[in-house]
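The exercises that follow ask you to read a protein chain from its model, and each is worked through step by step. Keep the coordinates open while you follow the solutions.

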Amino acid sequence: MNTTEPYYITESKRMCEVAGMDPNEISRPKNFLSEVEFEQKRKSYSEILSVVRFFSNKLLDSLKGTPILVVVSDAAGYLLEIEGDETIKSTIEQFGIMPGSLFVQEDTGTNVISLSLQQRHPISLIGEHHYHTFLHEIACYGTAFHYTDENNLLGSVSLMMPIQFQNPLFLTMLAQVVDSIERELLLRKQNKKLNIMNQIMLSRTRNGIVITDENGITTEFNSFAEKISNNSRDSVMGRNIQESHLTGAYFKEVLEHGKIFKNEEIKFRDDTGNLIVCLFDAQPIYEEDKMIGAFGQFRDISDRYLLQEKYNYLAYHDDLTNLSNRRHIKKELETIIRENHAGHHRNLALLFIDLDRFKIINDNFSHSYGDKFLIEVSKRLRGCLGEQDILARLGGDEFIFLLKDFVDVDYVTKKAKEILQLFQQPFHVGEKELHTTASIGAAIYPDYPITMEQLMVYADNAMYQAKSQGKNRYVMHTSELLDVMMDEYMLEVDLRSALENNQFVLHYQPQVNNKTGQLVGFEALIRWQHPTLGLIPPGKFIKLAEENGLITKIGEWVIDEACSQNKRWQNAGMTPVKMSVNLSTQQFLTKDLLIFMEEMLERNAIDPAYVVVEITEYMAMEYEYAIDVLKQLKALGFGISIDDFGTGYSSLNYLKNFPIDYIKIDKSFVEGLMNNEKDSVIVKAIISLAHNLHKEVIAEGVETKEQLDFLKSHQCDITQGYFFSKPLPADEIEKIYIK
């Protein structure tokens with residue numbers, strides 16, 4: 001783990017030490033709300049908790065398969081809700097971590113809840129960042145949330161998980177969730193203010209009264225009626241109300257047919273041009289059974305009407321950019337799709353836009369600066385609107401164009417290209433010049449009926465495809481694209497049962513000593529023997545395994561099977577050679593790795609001298625953690641190899657301090673040996689550097705004699721690649737190497 005920790009964590013741990021806390025003793029909360037106090041607290045936080053619960057549940061749903069806990073506290077540090085993985089929840093309850101307990105640094109030491117409430121930004125508290133050692137196997141991410149208009153602290157939201165599942169992306173996801181929570185809370189607060197204002201205004205409004213005789217001649221016109229209508233009493237009294245252009249038609253129906261009107265909305269403008277909106281009631285007046293006149297009543301609702309109009313505007317518009325929002329887009333889509341289903345053909349398409357570098361801008365210049373940048377982007381996008389188009393901001397850095405009633409489908413691609421061109425010029429925010437690009441997913445409503453949600457999913461999926469293809473481009477949704485995504489989804493479903501159904505197999509690629517020409521080792525490479533799709537290479541399923549949390553179990557199977565096979569070969573008479581096995585990042589960061597490796601040695605009765613563990617440069621970036629684990633693996637007797645050297649974050653410090661035995665030159669450099677001078681220079685430099693540090697060099701991806709001769713001439717120790725052999729299943733290896 002990186003030795004550099006934020007100052008506030010260092011200060012917190014120092015305070016724990018000064019307070020005399022023992023880091024090896026479990027420090028429990030000392031204060032708990034009574035049952036009554038807890039219910040009162042939750043009741044006072046009920047609306048806030050409902051908002052937090054809505055967005056935190058969405059976060060938990062998006063992280064299914066990851067053991068994670070969401071903890072919500074109030075502003076003082078009392079825990080109000082704990083949701084998520086039941087195993088973690090039951091574990092922490094043993095330490096007194098439960099709803100109603102108070103988390104303060106004085107009682108529980110360095111903890112994510114106290115630090116989140118103290119700091120004005122999201123924080124990470126991972127492993128040894130905790131003061132107490134029993135928390136060193138936990139990764140925590142937390143941030144406070146506020147009423148943003150008053151910066152009024154409300155509480156905190158924290159994520160807890162086993163340390164092997166830590167990922168910096170969790171902090172970004174949590175920050176986005178809290179941003180959504182704060183926006184929703186502010187909107188609800190503003191809505192309450194609007195409702196209160198409506199009530200006050202209605203209580204002050206007086207009714208205007210008009211009374212006529214049976215012929216419609218006005219006999220009463222009170223002062224409030226004068227005020228509302230801006231007509232004087234003298235100008236109305238004695239005149240026939242049926243001549244009024246505002247209410248004459250209503251009174252005519254009342255006097256001639258006895259009709260009753262309630263809450264008729266009447267709009268007109270006064271002498272200064274202001275809009276006046278009234279609710280009008282009218283009914284006949286009877287004396288016994290005889291109609292003797294008519295009664296009319298005005299209630300001025302102008303203020304309420306205008307406030308409602310403003311509320312309706314806010315409900316369908318983004319408060320940052322004043323663009324339409326997701327609710328408005330959905331309403332428009334539902335209307336057009338409903339008309340299409342009714343047989344009124346209307347062309348419809350969506351362009352789903354996501355900015356490519358917005359997170360970098362936010363991280364480097366703050367969220368307020370990011371908001372200003374989004375405003376500038378929205379202004380530029382507005383300039384691209386067609387006459388029938390609607391532009392909306394969905395949230396964050398996501399925008400959407402709704403294209404409707406266009407003549408030719410080419411309009412959709414032309415509009416996508418036009419939007420991409422908008423990002424060729426920099427944006428100016430304050431004195432800074434910012435550059436970004438956009439990824440666009442386009443979906444055209446098909447000839448057959450689909451739902452609004454399906455159309456939005458199509459556009460969203462196409463946008464993610466544009467991201468994966470390198471960004472700064474657009475991708476049109478097609479049935480083929482849908483098939484690819486469905487195939488990937490089905491593959492993920494099958495992957496969950498592949499391990500228990502023994503569908504994985506290993507192939508072994510020989511490694512040859514360049515001086516003697518003798519076999520010195522194998523690299524174990526996994527394949528998936530799918531029951532219907534046949535043999536699937538790792539590039540098709542390893543990423544899925546990483547995403548759904550299966551990679552560690554698969555990695556353990558690979559190590560166990562490869563070492564077991566090596567031992568069987570030794571028992572069968574093969575000259576003992578080394579077996580190289582790859583560690584995934586998640587597996588390397590798992591706390592149980594060393595225990596598993598020890599148990600594996602005992603289970604297979606294999607000498608660790610014949611096992612080489614391969615890690616990537618990326619894993620080594622957590623320097624303190626990596627060097628500790630590698631030293632322990634080395635102490636167990638394993639060989640250590642750095643795989644794909646030169647393609648990641650290369651550091652000479654790794655080579656100097658890590659107990660590395662082998663450096664593997666990535667095949668991308670080997671491929672260019674004979675036609676790219678830079679590749680040959682890099683390869684020679686790696687070999688020279690490694691030998692000076694007394695480490696052996698393995699070149700992978702060797703396919704030609706020329707490449708092999710070059711490597712031999714520059715004293716590369718070991719090679720592997722198709723020039724010698726492709727990776728082979730165990731039975732073919734035995735035919736060649738067991739005599």
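**Exercise 1.** Decide whether cysteine 384 is buried or exposed, and find which core includes Cys384.

*Solution.* The model is a predicted one, and the first step is to compare the relative accessibility of cysteine 384, which is 1%, with the cut-off for burial, which is under 20% relative accessible area. Cysteine 384 therefore counts as buried. For the second step, turn to the largest nonpolar core, which has 72 residues, and in which Leu495, Tyr508, Phe588, Met597 and Leu633 touch the most other members. Another core, of 30 residues, lies apart from that one, and Cys384 is among its residues, as are Leu323, Ile353 and Phe427.

**Exercise 2.** Describe the surroundings of leucine 495, setting aside its neighbours within four places in sequence.

*Solution.* Begin with the aromatic partners, which include Phe504, Trp528 and Phe541. Then add the remaining contacts of leucine 495, namely Leu544, Ala545, Asn548, Leu550 and Ile554.

**Exercise 3.** Determine which disulfide status cysteine 140 has, and where the nearest cysteine sulfur lies.

*Solution.* The test to apply is whether two cysteine sulfur atoms come within 2.5 Å. By this rule the count of disulfides is zero. Cysteine 140 accordingly belongs to no disulfide, and the nearest cysteine sulfur, which is that of cysteine 16, is 14 Å away. Cysteine 140 is nonetheless buried, with a relative accessible area of 3%.

**Exercise 4.** Work out the strand order of the open five-stranded sheet, and explain why strand 2 and strand 3 each have one side without a neighbour in the sheet.

*Solution.* First write down the order, which is 2-1-5-4-3, with antiparallel pairing. Strand 2 (79-84) and strand 3 (123-126) stand at the edges with a single partner strand each, so one side of each is left without a neighbour in the sheet. From one strand to the next, the twist averages 20°.

Next, follow the individual pairings, starting from strand 1. Strand 1 is joined to strand 2 by five antiparallel bridges, and to strand 5 by six bridges, also in the antiparallel sense. Valine 70 illustrates both pairings, as it stands opposite glutamate 83 in strand 2 and has leucine 159 as its bridge partner in strand 5. The hairpin of strand 1 and strand 2 has four residues between the strands, and in it glycine 77 takes a positive phi near 110°. Further along the order, strand 4 (residues 138-147) and strand 5 (residues 152-162) pair antiparallel over 10 bridges, with alanine 139 opposite methionine 161 in strand 5.

**Exercise 5.** Establish how many residues of strand 1 are buried, and which residues lie on each of its two faces.

*Solution.* Count the buried positions first: six of the six residues of strand 1 are buried, so this strand is largely enclosed by the rest of the structure. Then separate the two faces, with Leu69, Val71 and Ser73 on one side and Val70, Val72 and Asp74 on the other, all of them buried. Finally, look for what lies across the sheet: helix 3 (residues 46-62) lies across strand 1, strand 2, strand 4 and strand 5, and runs at about 25° to strand 2.

**Exercise 6.** Follow strand 9 through its two hairpins, and state which residue takes a positive phi in each.

*Solution.* Strand 8 (residues 261-269) pairs with strand 9 (residues 275-287) over seven antiparallel bridges, and glutamate 264 has phenylalanine 280 as its bridge partner in strand 9. Five residues lie between these two strands in their hairpin, where glycine 273 takes a positive phi near 90°. Moving on, strand 9 is joined to strand 10 (residues 290-300) by 10 bridges, again antiparallel, and aspartate 281 has glutamine 297 as its bridge partner in strand 10. The second hairpin has two residues between the strands, and here glutamate 288 takes a positive phi near 60°.

**Exercise 7.** State in which sense strand 21 (residues 578-582) runs relative to strand 19 and to strand 22, parallel or antiparallel.

*Solution.* Three bridges join strand 19 (residues 519-530) to strand 21, and these strands run parallel; glycine 521 has lysine 578 as its bridge partner. Strand 21 also runs parallel to strand 22 (residues 611-616), to which four bridges join it, and asparagine 582 stands opposite glutamate 614 in strand 22.

Technical notes:
Residues numbered from 1 in each chain as written. Predicted model: local features only at pLDDT ≥ 70, side-chain atom pairs only at ≥ 80, totals over all residues. Heavy atoms only, no water. Core = buried A, V, L, I, M, F, W, Y, C linked by side-chain atoms within 4.5 Å. Buried < 20%, exposed > 50% of the residue type's maximum accessible area, 1.4 Å probe, protein only. Contact = heavy atoms within 4.5 Å. Pairing = 2+ DSSP bridges. Axes fitted to C-alpha atoms, helices over the stretch in contact; angles between N-to-C directions.
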